[in-house]
Structures are given as C-alpha cells and as structure tokens.
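Welcome to this short tour! Keep your viewer open and get ready to make a few selections along the way.

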Amino acid sequence: MVNCGLLTGLNEPVPLKSISVEVRVQDHVASVSSTLQYVNEEQRPLEALFVFPLPADAAVCHFSAKIGEQEIVAELQDKETARDQYDDAVSSGQQVFLLEESAESPDVFKLSVGCLSPGQNAAVTIIYVIELAVQADQSLRFCLPAVLNPRYTPAGSGAGIVSEISSVCGAVPYTLTLSVHVSSPKPISKLESNCTLDPLVFLHSDHTQATVNLSPGHMFDKDVELFLYYQDTHQPSAVVEAGAATAPSDSLMRNPVVMISLYPELPDEVATPGEFVFVMDRSGSMDCMMHRGNETQNRIESAKDTLLLLLKSLPMGCYFNIYGFGSDFESFFPKSLEYNQGTVDKAIKRVMEIQADMGGTEILQPLKHIYSQPCIPEHPRQLFIFTDGEVGNTKEVLDLVKRHAHSHRCFSFGIGEGASTALIKGLAREGSGHAQFITGSERMQPKVMESLRFALQPSVSNISVKWKLPKHVTAETVSPPINVLFQGQRTLIYAQLKGKSSRDSEGSVTVKYSLKDQPVKKKLHFCIKPTEETGLAVHRLAARTLIRSLEQEERSSAECKNLRRTIVELSVQAGVSSVHTAFIGINKDTKQTVKGPLQQRRVPTYEEMKKCSSSLPWRVKLRGSSPLQYFSRLQLHAPLKMSTFRLGGAADRDLYESTNKRCSSLKMAASRLSGVLKRPDIRKPSSQKQTAPELQQDLVLPLVSLQKASGCWELDATLAAVFGKTKDELTNQKPAQVDGSVWATLLALIWLYGWRKEQQVEWQFVAQKAAAWIASQKVGDLSQCVCVGNVLLGCQVTKDTLGI
C-alpha cells in the first residue's frame with residue numbers, strides 16, 4: 001500500500017504541519033513570505049528533507065528558522081562551503097537548516113531540516129520577490145504552486161536532487177493560509193482566483209490599496225492562482241528605488257536602480273507565411289486529466305483539439321510539420337510541407353490517432369533533429385512546444401534552443417499542474433518567443449491562439465535602448481539585451497543609476513527598433529529621484545536578472561572559475577540565491593547538543609516507486625510521472641479482485657473500492673472523448689429552431705473542423721447540423737446571387753459572431769481566412785445575404801462586423 005502526500009523513506013508522513021503565506025504586491029512586483037511549521041512527533045532526533053517548487057524567475061532573498069523562542073537567520077554562502085558547514089553541524093548534533101537551489105532546474109529548491117529533538121517545533125520562513133506576468137486579458141498573474149511532480153530524468157544525466165520531488169495528492173497533514181496586500185499607483189479594478197477567496201477589502205477610497213485572504217479549507221488539489229486587474233494596465237511606467245546605505249560603495253545594491261516597464265504598440269499586420277513546427281509531448285503523463293472538475297478532457301485529448309484548431313488557423317502559403325515525443329520521437333512528414341487541403345487532411349487524420357503512448361519525456365533529441373533541418377527561405381521558423389514540462393536536463397535543452405535562436409522563435413506551453421516554469425519560460429526566453437501555462441480548468445485553445453497571434457506578427461529587429469539623464473548621472477543596464485517585442489506584451493528593463501545631479505531630476509529612456517525595415521522609436525520620461533520605500537525588491541529582481549545572465553554565460557564559457565566567483569560575490573552581496581550559493585542557518589546558541597542516532601526522512605524517488613510497482617501481485621502500468629498519485633492514475637488490465645490485497649481494515653477496503661470506481665470512470669471518460677468529429681449529436685441534422693445554442697455543448701471546434709484550408713465551407717448536411725438545421729433549410733434560403741460555398745461560408749461567419757462572440761480569441765484566424773476568401777470571390781452586394789443569414793440563424797450581425 002502506497003500513501004499519498006509528503007512521505008518519508010519508511011512511507012511515513014513528513015512532519016510538516018502548516019504553511020502560512022503573505023503576499024505584498026507593489027504595482028506588478030510581488031514579495032512573498034512563506035512560513036512552514038514543522039513538528040518532530042517521533043521519539044528520536046529527526047533530519048527532514050523537503051523538496052518543493054518556487055517560480056523559476058523568483059529571487060529568493062531570505063531564509064530563517066525559529067525554534068521555540070530562538071530565531072536563526074540564515075546566511076547566503078558559497079554552496080560547497082554551506083554544505084560542509086551543514087554536515088559538520090549535523091555530525092556535532094547542532095540544529096541546522098540548509099536551503100539550496102537545484103543545479104538542474106532553478107524552480108526546484110531543497111530544504112534540509114537538521115537535528116530536531118523529539119517533540120520540537122521549527123518554523124521555517126522563506127521570502128522571495130517576483131515580477132507578475134501579464135495575461136491575455138491584461139491581468140497580472142500570481143501563482144503559488146501546490147504540486148511539483150517528479151521530473152522525468154534521462155538515463156545517465158545525473159540529475160541529482162530533481163528526482164527527490166514530492167507531489168501532493170488528496171488529504172495532506174498540513175494546512176495553508178494565504179493573505180494578499182496590494183498597493184499600486186493605478187486603481188485596482190478587481191482580484192480573481194481559481195480558489196475561493198474572502199471578499200476584497202479596499203483600504204482607500206481611490207482603490208489603490210486592498211487586501212484579500214484565501215478562504216479556509218483549501219484542498220491542495222490545484223495551484224493557487226490570483227489574477228489582479230488594474231486600470232490603464234498598458235501605460236508605460238518607471239520605478240526608481242533607493243539602494244542600501246550599508247552596501248559597498250558604487251555597487252548594484254548601493255546605487256539607485258530603475259525598473260522600466262514598456263508596452264510596445266506594433267501595427268496590425270497581415271499574417272506572415274512562416275514555417276510552423278508543432279512539437280507535442282506524448283509521454284504517459286499526458287494521459288492525465290486537465291483538472292478535477294466535471295466534463296474534463298485528459299491532456300492529450302485537449303492537445304489534439306488544439307492541434308486541429310491550429311492547423312485550421314494557419315495562413316495559406318505557409319509550411320508546417322508535427323512532431324510527437326516521449327522516450328523517442330516521430331514526425332508526421334520527413335520535412336515541413338506546404339499548407340494546402342491535401343496536406344492538412346493528412347495531418348488531421350494523424351492528429352486524431354495521437355495517443356499518450358511514447359513513454360518518458362525526452363525533448364532534447366527531437367529538438368536536435370528539428371534544428372538539423374534546413375530553414376525554408378522567406379518562411380521564418382516558429383516552434384510550438386507542448387509539454388507537461390517535467391524533464392531533468394532543463395539547462396541542456398535551453399542551451400540548445402539558445403544556440404539556434406537566430407533561426408527561429410519558440411512558443412512554449414506548460415500543461416497541467418506541476419509544469420516546470422524553468423523549462424517553459426526558458427524555452428520562450430532563449431527562443432525569443434512567448435510562454436503560456438494551462439492549469440486548473442483553463443482551456444488550452446485561447447492561450448495557444450494568443451501565441452499564434454504573436455507568431456504571425458513580423459519579427460522586430462535592431463532593438464536598442466538609449467538613456468538621457470542629467471549631467472553627472474549615468475545608467476548601466478543590468479538586463480540582457482532585448483531580443484523580442486510583441487504587441488500587447490510587457491518588456492522590463494533594469495538599470496543601475498550612478499552619480500548624482502544637483503538640480504535636474506528628470507530622465508528618459510528611448511527604445512528604437514526596426515519593423516519591416518522601417519525605424520520605430522518609443523520614448524518614456526521619468527523622475528530619477530527614488531520613490532517610496534519598496535524593501536529593495538527592485539534591486540533584488542535586478543540582481544536576479546544579472547545572476548541568471550551570468551549563469552547562462554558560464555555554461556558556454558571556458559572562463560568558468562572567474563564567472564563562478566562573480567556570481568557568488570553578487571549573490572552574497574544582494575542576498576539573492578543562485579546555483580552556486582545556499583542559505584545556511586546554525587543554532588550556535590543551543591546549550592546542549594542533540595543526542596541519539598539521527599533519522600533521515602526523505603521523499604521516495606520515481607525509480608523506487610517503479611521498482612515497488614514491478615513486484616506487486618496485480619498487473620498495472622504506472623502512467624505519468626507522479627508516483628505519489630499512484631492509485632489515482634493507475635491503469636488496470638482487469639478489475640481488482642478483493643483477494644489481491646491483504647485487507648488490514650476499513651482504509652484498505654476504501655482504497656480498493658475507490659480505485660475500482662476511478663478505473664471505471666476513466667474508461668467511461670475515454671469512450672466519451674473518442675474524438676470531437678465522431679460525435680453523433682453533432683452529425684445528426686435537426687429541423688428544430690436553434691433557440692438557445694449557449695445551452696448546448698461547444699460547437700466551435702466541430703464547425704472549425706469543417707473549414708477548408710482556403711478558408712471556405714461547403715454547403716452540406718454536416719455544416720447544417722452544427723447550426724441545428726437541415727441542408728434543405730440552408731439551400732432553400734440561399735440568395736440567387738451567391739453560390740453554395742459563399743453562402744455556407746457567410747453563414748459560418750454569422751453564426752460565429754452571433755452565437756460565439758465570447759470565444760473570438762479561438763476562432764479569430766479562422767474568421768479572417770473566411771472573410772478573405774469571400775472577398776476574393778468578388779461577389780456583389782452582400783448586405784441582403786447577411787440579412788437573410790441573420791433571420792435563418794437567429795442573429796443580428798452586420799456586414800461590417802464580419803470584416804468582409
């Protein structure tokens with residue numbers, strides 16, 4: 001029997017009792033303080049190991065532990081030195097805590113809690129700062145991870161602690177409290193969450209400050225996501241923060257730092273006919289459900305629907321190919337093919353056959369193969385990578401993407417809870433693209449269509465930043481060079497301000513770039529005098545940005561020793577963690593040392609769980625990469641028999657019954673989700689008037705699936721069934737001046753704008769192709785046709801709305 005939750009090597013609960021999180025948001029920067037309460041309930045001294053996720057772009061800046069009334073504030077040191085001190089302290093019976101970042105993935109941290117006496121309490125506090133990402137609806141997103149699945153580690157990669165990661169499943173022996181305080185120069189419109197919140201309380205009449213708490217009873221079944229909405233979110237802004245008076249003279253932490261937030265406005269352009277390569281994760285974990293709500297798909301089925309929508313949305317004149325990867329990889333075509341009806345039909349047929357049946361998650365080899373293919377002239381390559389984001393060789397993958405950044409843009413998508421932010425964001429960063437995360441009950445299609453909109457935008461080149469400051473004041477840019485700009489996306493610039501001005505207090509920054517060989521210039525004026533106290537959050541984010549750049553340079557440089565020394569010095573000075581440093585705290589004031597043999601409590605690894613499953617008396621296949629969700633995700637070749645288990649009580653019987661129920665429900669779900677194009681209720685015509693299509697199932701994808709590559713629809717019974725009509729009803733109402741395909745395409749547009757306007761982000765490119773096709777047919781006045789179509793479909797759409 002395998003328990004769920006945070007476990008020890010003896011299958012016993014790790015003594016974590018509660019987590020308390022305080023979030024303070026200043027404009028679009030969040031400072032997060034997490035306190036973890038441990039209790040040693042055993043009769044012997046304990047060393048506990050807890051591996052947990054933090055966002056990859058977070059700057060960890062504080063670590064402390066409180067044992068009784070004694071508080072131990074950890075120091076940031078060289079990692080090897082800190083490890084030696086930890087081992088020495090444990091050996092001598094001293095209480096000690098060590099927090100270190102994984103060498104394989106910067107969103108994984110390991111906390112070692114050393115020498116807790118029997119019955120002793122320890123409250124561990126971790127503080128980090130992070131920039132909040134802008135979403136498609138202009139909100140700012142904060143995510144508190146609840147689950148970190150074990151990473152799939154390629155054989156021989158030596159992934160270290162990445163294999164020692166826990167996953168939360170079902171009931172856990174600890175609680176979570178979360179409070180949020182928001183302060184901004186812009187009024188706060190609203191704050192939403194995927195979890196239940198108490199009412200938002202505004203602290204001032206101008207709505208620039210507010211507080212909110214997570215409601216009690218959080219179930220740990222999903223990440224906690226907050227979405228913050230400001231008025232005038234897209235206005236450029238600058239924050240100047242004063243440095244620390246105790247920092248070394250002329251250092252990054254001593255001088256003021258300015259954070260510039262820009263929102264470039266690029267003109268709307270005609271779709272660029274590029275080469276689109278879709279790379280789909282087909283590992284076992286893609287067979288898991290998207291979320292735990294009703295009517296949910298599993299990840300691979302949602303991905304298949306998304307691929308269908310992408311294929312229908314591509315512009316004529318482009319090239320495309322589709323790759324699937326797991327332990328191995330395969331491509332639909334030997335090389336990218338031109339987009340036409342024949343190639344799209346072949347691709348869709350294979351998409352419908354895709355299964356999550358390719359084993360592990362080896363993404364490096366398919367990327368190497370893609371990069372070995374020659375690029376197509378005048379067709380810039382665009383990679384769309386879909387994955388659970390759980391690999392052990394993250395940095396090797398990112399290095400490969402960076403080496404080929406000149407020839408492509410990379411758009412990445414993290415699917416489901418536990419996706420690696422380091423991998424997903426790193427792919428987009430190094431590939432000059434954009435990253436998206438699909439979690440909880442979110443639909444994949446809207447986010448993918450937003451990234452397609454970015455991919456269809458022309459590439460911006462020759463980006464430069466120029467500062468104009470008062471005499472005797474200079475700006476030293478800390479951020480890496482800007483290599484990508486997208487319409488509607490925020491760009492951040494950090495710079496250290498050196499020198500002083502006696503009179504002038506205003507400066508400006510100008511961003512120049514070329515768009516289709518045309519120069520563009522954007523300018524922002526700002527006050528160089530520091531604003532209100534922000535607790536060095538901007539400085540630490542700037543330091544984090546510089547540290548990440550130096551770590552990237554170190555991996556590709558022969559002068560590793562010098563760069564390592566620079567990283568350690570900057571990390572220690574700024575108090576921000578890096579791959580080469582660790583926080584260590586030793587309780588040197590303890591009057592007596594801990595006596596007795598030390599018991600180590602570790603999270604079981606994925607390999608250990610697989611060995612366990614191979615010896616079980618029933619035939620199972622462990623799917624996915626979350627061994628601690630074993631019984632919730634196992635695939636049975638036959639129903640369990642009562643005799644299979646040594647039933648030791650009610651808990652064992654409950655496990656048996658719940659497992660059989662889950663297997664039955666999974667089989668039922670699989671049969672229901674056999675393919676959207678095979679649904680009989682969609683194919684069956686109906687003569688009844690469609691009075692409330694919003695109460696029916698989603699029909700956008702079935703409609704889109706019927707569109708031809710050129711952008712038109714055919715007038716047939718299948719299309720009529722989507723509208724809830726018969727073919728005769730559509731044909732009898734067809735105006736004489738248009739042929740069947742024009743009429744069918746016009747009706748499809750009217751139906752989309754009339755009945756599915758709220759989903760426009762999903763079908764926008766499908767509609768653009770349709771409108772362009774109708775315009776190319778050079779039909780006369782279409783106003784009468786639109787009027788007839790409105791009556792037939794029960795809509796009120798104008799011709800101008802259709803974009804024809």
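How many bridges join strand β4 to strand β9? Before you look, keep in mind that this is a predicted model.

**Stop one: β4 and β9.** Select residues 59-67 to light up strand β4, then add residues 121-131 for strand β9. Seven bridges join these two strands, and they run antiparallel. To see one pairing for yourself, click S64 in β4 and look for its bridge partner in β9, which is T125.

Now stay with β4 for a moment. Is this strand mostly covered or mostly open? Mostly covered: of its nine residues, seven are buried.

**Stop two: β4 and β5.** Next, select residues 70-73, which make up strand β5. Strand β5 is also antiparallel to β4, with four bridges joining the pair. Here you can find A65 standing opposite I72 of β5. Follow the chain from β4 into β5 and you trace a hairpin, with two residues between the strands. Pause at G68 in the turn, where phi is positive, at about 65°.

**Stop three: an open sheet.** Move along to three strands in the order β26-β29-β30, which form an open sheet with antiparallel pairing. Select 460-468 for β26 and 518-527 for β30: these stand at the edges, each with a single partner strand, so one side of each has no neighbour in the sheet. From one strand to the next, the twist averages 15°.

Finally, select residues 506-515 to show β29, which is joined to β30 by ten bridges. For your last click, choose S508 and find its bridge partner in β30, H525.

Methods:
Residues numbered from 1 in each chain as written. Predicted model: local features only at pLDDT ≥ 70, side-chain atom pairs only at ≥ 80, totals over all residues. Heavy atoms only, no water. Buried < 20%, exposed > 50% of the residue type's maximum accessible area, 1.4 Å probe, protein only. Pairing = 2+ DSSP bridges. Axes fitted to C-alpha atoms, helices over the stretch in contact; angles between N-to-C directions.
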